[in-house]
Amino acid sequence: MDFPITRLRRLRYNSVLRQMVTETKLSVDDFVMPLFVCTGTNVRNHINSMPGNYQLSVENTVEECKKIYASGVKAVLLFGIPAHKDEDGSVACEHDGIVQQAIRAIKKDVPGMYIIADVCNCEYTTHGHCGTIIDGDVDNDTTLVTLAKQAVSLAEAGADMIAPSDMMDGRVGRIREQLDKHHFEKIPIMSYAAKYASGFYGPFREAAESAPKFGNRATYQMNPANSNEALREVELDIMEGADIVMVKPALSYLDVIYRVKNEFRMPVAAYNVSGEFSMVKAAAQNDWIDGERVMMEILTSIKRAGADIIITYHAVEAANVLNRK
Ligand code: PBG
């Protein structure tokens with residue numbers, strides 16, 4: 001089987017054949033587009049650190065969803081920027097909360113759109129942490145109460161899926177219990193199971209106005225150096241009822257995506273986060289890289305590592321590339 005009998009280049013000379021033996025193919029079905037919904041009317045604030053992304057008021061969110069849907073991307077992940085914040089994030093549970101309003105409006109005008117609601121307190125608390133502060137740190141079990149309330153409220157508004165991103169222990173079980181109690185047993189949970197304390201979230205915190213006012217998230221998000229711990233996080237979330245498990249960020253954690261997929265054979269989501277997106281945009285704007293090519297290479301690598309679902313700000317652009325083929 002040695003050279004010259006085996007020539008791996010034989011399969012590379014013809015583009016039709018290259019396509020035939022392509023192992024990993026991206027599809028628009030893989031993508032979820034994150035959106036930032038804010039209060040007011042006719043608001044379309046460009047997010048400086050995330051070129052092409054905006055804080056959108058409800059009616060503009062609906063318009064954006066029409067465009068997203070037309071590109072073939074049929075799922076969005078919603079984040080809210082409320083008018084007022086409070087100590088424990090209760091504003092996130094209001095019947096007319098900003099994300100609740102957006103969900104109802106999208107369901108009415110773009111009924112085919114699959115709506116995933118992020119569940120976390122950091123966009124809704126005055127201090128910017130993901131839960132209630134007691135004695136200077138986020139209190140786990142108190143936070144579970146507000147998270148479960150928020151999840152039920154978002155399901156009542158019509159969310160198709162709940163995605164807790166807070167990293168409290170036990171939140172998947174508590175949310176599942178409360179959803180079921182309120183007859184939302186058909187609503188799946190996609191848990192941010194292995195979510196790292198990452199520098200790659202920088203642009204998002206500008207977009208969602210959710211940077212912590214003191215300290216950092218190291219007491220609840222994971223240490224970037226750990227991957228055995230990621231498997232324990234994922235296993236616990238599965239035991240508590242998670243239907244899809246997520247690894248976040250994606251690019252610096254491809255090994256974690258790979259391990260999670262191989263270990264659990266569950267549907268795996270990967271979040272190609274804001275900083276990963278913005279680095280590509282910044283380098284492309286400088287003509288240092290071919291932005292489109294690098295975007296497709298990155299998304300392919302995330303899928304190749306084992307992700308079934310890719311949450312990415314590139315979703316529509318990548319869909320347009322795929323549609324052109
Ligand atoms: C909220 C949350 C964050 C992201 C998603 N949900 C920020 C954070 O944990 O600080 C980051 C997403 C991105 O960077 O694109 N807990």
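How do the residues of the lining of the largest cavity divide into nonpolar, polar and charged? They split into six nonpolar, three polar and six charged. Keep in mind that this is a predicted model. Below is a quick tour of its pockets, its cavities, its salt bridges and a couple of single spots.

**Closed cavities**

- The count comes to two cavities of 30 Å³ or more.
- The largest cavity holds about 100 Å³ of space, and 15 residues line it. C122, K195, F204, R217 and K248 are the ones nearest its centre.
- Two elements, β9 (190-195) and α6 (202-207), give two or more residues to the lining of the largest cavity.
- The second largest cavity has about 50 Å³ of space. Its lining is made up of V91, A92, G97, I98, V99, Q100, D118, Y124, Q150 and L154.
- Helices α3 and α4 (140-157) each put at least two residues into the lining of the second largest cavity, and α3 gives the largest share, with three residues.
- By class, the second largest cavity is lined by six nonpolar, three polar and one charged residues.

**Open pockets**

- The largest pocket comes in at about 540 Å³. Of the 14 residues lining it, T22, T24, M296, T300 and K325 sit nearest its centre.
- α10 (291-305) and α11 (315-324) each supply at least two residues of the lining of the largest pocket. α10 makes the largest contribution there, six residues.
- The lining of the largest pocket sorts into four nonpolar, four polar and six charged residues.
- The second largest pocket has a volume of about 280 Å³. It is lined by 19 residues, and M33, G52, E64, Y313 and V316 are the closest to its centre.
- Quite a few elements chip in at the second largest pocket: β1 (31-38), β3 (54-56), α2 (58-70), α9 (274-285) and α11 each bring at least two residues to the lining. The largest share, four residues, is from β1.
- For the second largest pocket, the class tally reads eleven nonpolar, three polar and five charged residues.

**Salt bridges**

- Side chains of opposite charge can pair when their charged atoms come close. A search of the whole structure turns up 14 salt bridges here.
- Within α2, K67 and E64 pair up through their side chains, at 3.8 Å from N to O. The two residues are three apart in that helix, which is about one turn.
- Is E64 buried or exposed? E64 counts as buried because its relative accessibility is 15%, under the 20% cut-off.
- R176 and D243 make another salt bridge, with their closest N and O atoms 3.9 Å apart. This one links distant parts of the chain: R176 is in helix α5 (residues 171-181), while D243 is in the loop between α7 (228-239) and β10 (244-248), 67 residues apart.
- The R176 end is buried, at 13% relative accessibility, whereas D243 is partly exposed, at 34%.
- K281 and E317 also meet in a salt bridge, at 2.8 Å from N to O. K281 belongs to helix α9 and E317 to helix α11, so the pair ties together parts that are 36 residues apart in sequence.
- K281 is buried, since its relative accessible area is 18%; E317, at 34% relative accessibility, counts as partly exposed.
- R44, E64 and K67 are joined into one network by salt bridges that share partners.

**A surface patch and a buried glycine**

- L11, V16, M20 and V21 make a nonpolar surface patch of about 380 Å².
- L11 falls in the segment before α1 (15-20), and it counts as partly exposed because its relative accessibility is 43%.
- What about G89, in the loop between β4 (75-81) and α3 (98-109): buried or exposed? With 0% relative accessibility, G89 counts as buried.
- G89 and T125 are 36 residues apart in sequence, yet their C-alpha atoms are 4.7 Å apart in space.

Note on methods:
Residues numbered from 1 in each chain as written. Predicted model: local features only at pLDDT ≥ 70, side-chain atom pairs only at ≥ 80, totals over all residues. Heavy atoms only, no water. Patch = residues over 30% accessible without salt bridge, like charges linked within 9 Å, V, L, I, M, F, W, Y side chains within 5 Å. Areas by Shrake-Rupley, 256 points an atom, 1.4 Å probe, with all protein chains shown as cover. Salt bridge = Lys/Arg side-chain N within 4 Å of Asp/Glu carboxyl O. Buried < 20%, exposed > 50% of the residue type's maximum accessible area, 1.4 Å probe, protein only. 1 Å grid on protein atoms, 1.4 Å probe; cavity = no way out; pocket = protein on both sides within 12 Å on 5 of 7 lines; lining within 4 Å. Points joined across faces, edges and corners; volume = space filled by probe spheres on them. Nonpolar A, V, L, I, M, F, W, Y, C, P; charged D, E, K, R; others polar.
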